[in-house]
Amino acid sequence: MTPALSRRTALALSLAALALPRAGWAQAREIVEMTMGSPDAPVTLVEYAMFTCPHCKAFQEEVFPQIKENFIDTGKVRLVYREVYFNRPSLWAAMIARCAPADRYFGIVDLLFERQAEWSGAFDSEPMMKELYSIGRQAGLTDEEMQACVTDRAFAEALVAEFQKNAAADGIDATPTFLINGTKVSNMNYADFEAKLNEALGE
């Protein structure tokens, strides 16, 4: 584990405890990998992204649609999406996204990036949560459902623990970072991604 990763994950763990004020509230929530594409795809693309990260937003809006159209939707690539929590707002956003049924998750991811400036730019927790709740309502969540998620301390700690385990194993200290069939690669434009994915496919 790199020193930077150790500091950041330690911070994330402390934020998971501090951010959720309803002591004793816990609900059994399974932490599952969020995936897109065929499980039989010959190439697996793992993306580590943070919802407050502007470079992640740029990738999501400018590069990912082409990857989805040309590689994921055609059955060549399976995406594994892993959230990064280097700050408290990113954790809250992930909890809202995961509060919805799995088939709405990536739609909420799109909304979180599309409206990133609105919610991540809020300096206080109350206006930030107001904006996040607005995104959740757009995806069909009720305020009660979202409140149950963001005040679930056990859920927050489980998410952070899963992030810490994966990020340490893969040496993640920046976002976005990617693995193509287990090989770590940095953020890049679509043409370079296309070349890397085709190479992994043997094309």
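The pLDDT is the predictor's confidence in each residue, on a scale from 0 to 100. This is a predicted model, and a first step in the viewer is to colour the protein by that value: its mean pLDDT is 87, and 85% of the residues reach 70 or more. Next select residues 9–13, where the pLDDT stays under 50 and for which the model has nine contacts beyond four places in sequence. Residues 16–26 also have a pLDDT below 50, and this stretch has 25 contacts in the model beyond near neighbours in sequence. Where pLDDT is low, the predicted coordinates should not be read in detail.

**The sheet**

Now show the strands, which form an open sheet of five in the order S1-S3-S2-S4-S5, with mixed pairing. Strand S1 (34–36) and S5 stand at the edges with a single partner strand each, so one side of each has no neighbour in the sheet. From one strand to the next, the twist averages 25°.

Select strand S2 (residues 43–49) together with strand S3 (residues 77–83): the two run parallel and are joined by seven bridges. Within this pair, Val43 can be picked out, standing opposite Val77 in S3.

Then move to strand S4 (residues 177–180) and strand S5 (residues 183–186), which pair in the antiparallel sense over four bridges. Here Phe178 stands opposite Val185 in S5. S4 and S5 form a hairpin with two residues between them, and in the turn Asn181 has a positive phi of about 50°.

**Helices on the sheet**

Keep the sheet in view and add H4, which lies across S1 and S3 and runs at about 60° to S3. Helix H8 (residues 153–170) packs on the sheet as well, touching S2, S3, S4 and S5, and its direction makes about 120° with that of S3.

**Helix against helix**

With H8 still displayed, add helix H3 (residues 88–99), which packs with H8 at an angle of about 105°, their axes being 11 Å apart. Angles from 65 to 115 degrees count as roughly perpendicular, and H3 and H8 are therefore roughly perpendicular to each other. To see what lies between them, show the side chains of Leu91, Met95 and Arg98 in H3, which meet Phe155, Ala156, Leu159 and Val160 in H8. By class, this contact of H3 with H8 has six nonpolar residues, no polar ones and one charged.

Turn next to helix H2 (residues 54–72) and helix H4 (residues 105–114), whose axes come within 9 Å and cross at roughly 120°; H2 and H4 are therefore oblique to each other. Their crossing is left-handed. The residues to select are Cys56, Lys57, Gln60 and Glu61 in H2, which meet Val109, Asp110, Phe113 and Glu114 in H4. In the contact of H2 with H4 there are three nonpolar, one polar and four charged residues.

Finally, stay on H2 and add helix H9 (residues 190–201): the two pack at an angle of about 35°, with their axes 10 Å apart, and H2 passes H9 in a right-handed crossing. On the H2 side, select Phe59, Val63, Gln66, Ile67, Asn70 and Phe71, which meet Tyr190, Phe193, Glu194, Leu197, Asn198 and Leu201 in H9. Sorted by class, the contact of H2 with H9 has eight nonpolar residues, three polar and one charged.

Conventions. Residues are numbered from 1 along each chain as its sequence is written. This is a predicted model: local features need pLDDT of at least 70, side-chain atom pairs count only at pLDDT 80 or more; totals for chains, interfaces and linings use all residues. Side-chain values use heavy atoms; hydrogens and water are left out. Contact means heavy atoms within 4.5 Å. Axes are lines fitted to C-alpha atoms, for helices over the stretch in contact, and angles run from 0 to 180 degrees between N-to-C directions. Angles under 35 degrees count as roughly parallel, over 145 as roughly antiparallel, 65 to 115 as roughly perpendicular and the rest as oblique. A crossing is left-handed if the near helix is turned anticlockwise from the far one by less than a right angle, and right-handed if clockwise. Ala, Val, Leu, Ile, Met, Phe, Trp, Tyr, Cys and Pro count as nonpolar, Asp, Glu, Lys and Arg as charged, and the others, Gly among them, as polar. Two strands pair if DSSP finds at least two bridges between them.
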